[in-house]
Amino acid sequence: MAKVKSITAVPVEVGGVRQYGAEPYVGIFLSTSPGLVIRDYDLVKKILYKDTEYFASRIMAFDEHSEPVAFHSLFALSSERWKLARSGLTRGFTSAKLKKYVEDMLHVAKMLQSRLSEESRRESIAEDLSWAFTVDTLNKILFGVQGTAMQNPKDDLLNLTKELYRTDLWRTISKFLLFSAPQIYSLLHMKAFPPKMMDKIREATLAMVKTKGMDATNFIGLLRELRERDLCSEEERPFRFDGDQLAAQVFAFVLAGTDTLSAAMTYALYELAKNQDYQEILRNEVQNILPRGIDDINYDKLKSMKYLNMIIMETLRLHPSFPFVDRKCTKDYVLPGTDCKIEKGVIVFIPMWGLHKDPKYWERPEEFYPEHFSDIKAAATKPYLPFSEGPRTCIGMRLVLLEMGVFLTSLVSNWRWRLPQDAPEPQCDPLTYTNIPKQPTKIIFKALKKE
Ligand code: HEM
């Protein structure tokens with residue numbers, strides 16, 4: 001049994017756990033709560049895929065009454081409620097919808113080029129570009145609104161997401177207690193997110209869903225359909241798309257879809273700036289497949305770009321947005337092939353950081369090496385879990401791959417970029433539970449000469 005010594009060490013000690021040699025699992029204590037970090041990939045697959053009935057929920061212990069919007073969000077729900085919510089929301093990610101979202105992203109990609117034309121005389125901050133890109137894309141695909149985050153630092157959704165992610169010691173403590181001592185979290189009536197902001201998300205979402213005649217191809221349109229379906233049904237259901245339960249899903253997507261994706265885009269820019277050869281190979285592929293640049297980008301072409309996809313996958317291997325995922329054991333379980341009994345209530349952690357850098361599986365574990373994914377069948381046998389696996393895998397995964405694709409192809413078609421001299425390696429911010437660089441990542445862009 002190991003003890004995590006400080007609350008800011010959680011991502012590294014739980015997500016990394018490389019200091020424990022070849023042990024298939026390691027017991028830990030987070031404050032007073034016992035947990036188990038699973039390091040053997042076969043056991044990981046059992047927990048995430050096969051024996052999910054024993055691990056039916058995540059840790060998040062939001063209170064249904066004091067934090068209803070957080071409580072009902074897809075990532076915090078469990079059992080039957082989760083199944084009903086997930087099956088409705090999955091309809092927002094069909095291939096037809098994703099094709100439409102790619103078209104929505106093209107407008108944002110053009111705004112990105114204008115912004116860089118203004119910024120290219122000085123250093124750009126990768127996080128500012130990628131955050132604005134994700135926020136404007138979310139605005140369009142969730143609400144059908146043409147966002148302004150790329151040009152306007154006072155954009156509403158930009159500021160709301162920044163506030164949602166602002167870290168300070170108090171918020172870090174409340175998140176730590178939420179994970180490690182949910183009883184204390186509830187007893188002290190702690191709140192992981194500012195109540196005023198949650199009210200704002202709730203009111204705005206419900207008003208939009210009730211406004212008829214708005215563009216139905218966006219996510220609000222889907223929520224409106226699901227609400228009407230549920231209101232017409234007389235069947236008793238533990239989850240209905242209405243009120244808090246409905247607003248919670250917009251909150252879930254805004255929360256899950258900004259810092260994760262912005263961090264991944266930032267790391268991709270950083271790695272391509274550091275490895276100019278890879279940037280050039282990518283540029284050649286993009287120029288062959290998209291001779292007219294941004295105007296040629298579409299869903300099918302993005303999917304056909306092998307090197308682009310290798311770059312994206314390798315970025316998420318070396319820099320997964322989450323250091324770990326968790327499951328709460330809901331029924332006593334014996335780890336297959338061992339005599340280790342996991343009792344009901346124990347938290348199990350799957351350490352993506354450690355698995356993604358395990359030299360047993362990866363040829364150059366600590367290096368950015370896109371060739372890890374040149375043989376996609378061979379890569380599929382390795383522990384690669386940036387979006388996790390199994391029924392609770394990230395619902396936004398396909399959207400993420402396309403959005404990173406639009407972001408990178410639009411940049412590589414028009415710009416060459418590099419790091420300033422003596423640029424430091426990005427370091428993860430220990431106050432967050434996502435893998436966001438602590439210091440701004442500076443990049444220098446130079447326009448490509450047009451022939
Ligand atoms: C690089 C970007 C992203 C990464 C690496 C990522 C990764 C993940 C991971 C690891 C999980 C936990 C899965 C588990 O516990 O097994 C998750 C869940 C989730 N993600 Fe993402 N995510 C990203 C972006 C997004 C985006 C853009 C959205 C929405 C638009 C999104 C929505 C969600 C939701 C709603 C869940 C909860 C799913 C459920 O419990 O059924 N994510 N994501």
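These legends describe close-up views of a predicted model.

**View 1. The hairpin of strands E2 and E3.**
Strand E2 covers residues 25–30. Strand E3 covers residues 33–38. The two strands pair in the antiparallel sense, over six bridges. Tyr 25 stands opposite Ile 38 in E3. Val 26 has Val 37 of E3 as its bridge partner. Two residues lie between the strands of this hairpin. Ser 31 takes a positive phi there, near 45°.

**View 2. The two faces of strand E2.**
In a regular strand the side chains alternate between the two faces of the sheet. Strand E2 shows such alternation. Val 26, Ile 28 and Leu 30 point to one face, and these residues are buried. Tyr 25, Gly 27 and Phe 29 point to the other face and are not buried.

**View 3. Strand E3 beside strand E8.**
E3 also pairs with strand E8, which spans residues 347–351. Three bridges join E3 and E8. These strands run parallel, whereas E2 and E3 are antiparallel. Leu 36 stands opposite Val 348 in E8. Val 348 is also one of the residues with the most contacts inside the largest nonpolar core.

**View 4. The largest nonpolar core.**
This core has 115 residues. Those with the most contacts inside it are Phe 251, Ala 268, Leu 269, Val 348 and Ile 350. Helix H12, residues 243–274, gives the most to the core. Its share is 18 residues. What does Ala 268 touch, leaving aside residues up to four places away in sequence? Its contacts are Ile 311, Ile 312, Thr 315, Met 404 and Leu 408.

**View 5. Leu 89 in helix H4.**
Helix H4 runs over residues 79–89, and Leu 89 lies in it. Is Leu 89 buried or exposed? It has 20 C-beta neighbours inside 10 Å, so it counts as buried. The cut-off for a buried residue is 20 or more. Leu 89 touches Leu 74, Gln 249 and Ile 395, not counting residues up to four places away in sequence. Phe 241 is 152 residues from Leu 89 in sequence. In space, the two are 10.0 Å apart, C-alpha to C-alpha.

**View 6. Cys 394 and Ser 388 in the loop between helices H17 and H18.**
Helix H17 covers 376–379, and helix H18 covers 397–414. Cys 394 lies in the loop between them. An unreviewed UniProt entry places the feature "binding site" at Cys 394. Cys 394 has 19 C-beta neighbours inside 10 Å, so it counts as partly exposed. Beyond residues up to four places away in sequence, Cys 394 touches Phe 387 and Ser 388. Ser 388 is placed in the loop between H17 and H18. Ser 388 has a positive phi of about 65°, although it is not a glycine. With 19 other C-beta atoms within 10 Å, Ser 388 is partly exposed.

**View 7. Helix H13 packed against helix H18.**
Helix H13 spans residues 276–289. At what angle do H13 and H18 pack? The angle is about 95°, and their axes are 9 Å apart. The two helices are therefore roughly perpendicular to each other. H13 brings Gln 279, Leu 282, Arg 283, Val 286 and Gln 287 to the meeting. H18 brings Thr 409, Val 412 and Ser 413.

**View 8. An open sheet of three strands.**
The strand order is E4-E10-E9, with antiparallel pairing. Which strands are at the edges? They are strand E4, residues 124–125, and strand E9, residues 415–418. Each edge strand pairs on one side only. Strand E10 covers residues 442–447. Four bridges join E9 to E10. Trp 415 stands opposite Ala 447 in E10.

**View 9. Asp 422 in the loop between strands E9 and E10.**
Asp 422 has its place in this loop. Its phi is near 60°, a positive value in a residue other than glycine. Why does Asp 422 count as exposed? Asp 422 is exposed because it has 5 other C-beta atoms within 10 Å, and the cut-off for an exposed residue is 12 or fewer.

Technical notes. Residues are numbered from 1 along each chain as its sequence is written. This is a predicted model: local features need pLDDT of at least 70, side-chain atom pairs count only at pLDDT 80 or more; totals for chains, interfaces and linings use all residues. Two residues are in contact if their C-beta atoms, placed from the backbone, lie within 7 Å. UniProt positions are given in the numbering used here, feature names are shortened, and annotations may be inferred rather than shown by experiment. A nonpolar core is a set of buried Ala, Val, Leu, Ile, Met, Phe, Trp, Tyr and Cys residues joined through C-beta atoms within 7 Å. Two strands pair if DSSP finds at least two bridges between them. Axes are lines fitted to C-alpha atoms, for helices over the stretch in contact, and angles run from 0 to 180 degrees between N-to-C directions. Angles under 35 degrees count as roughly parallel, over 145 as roughly antiparallel, 65 to 115 as roughly perpendicular and the rest as oblique.
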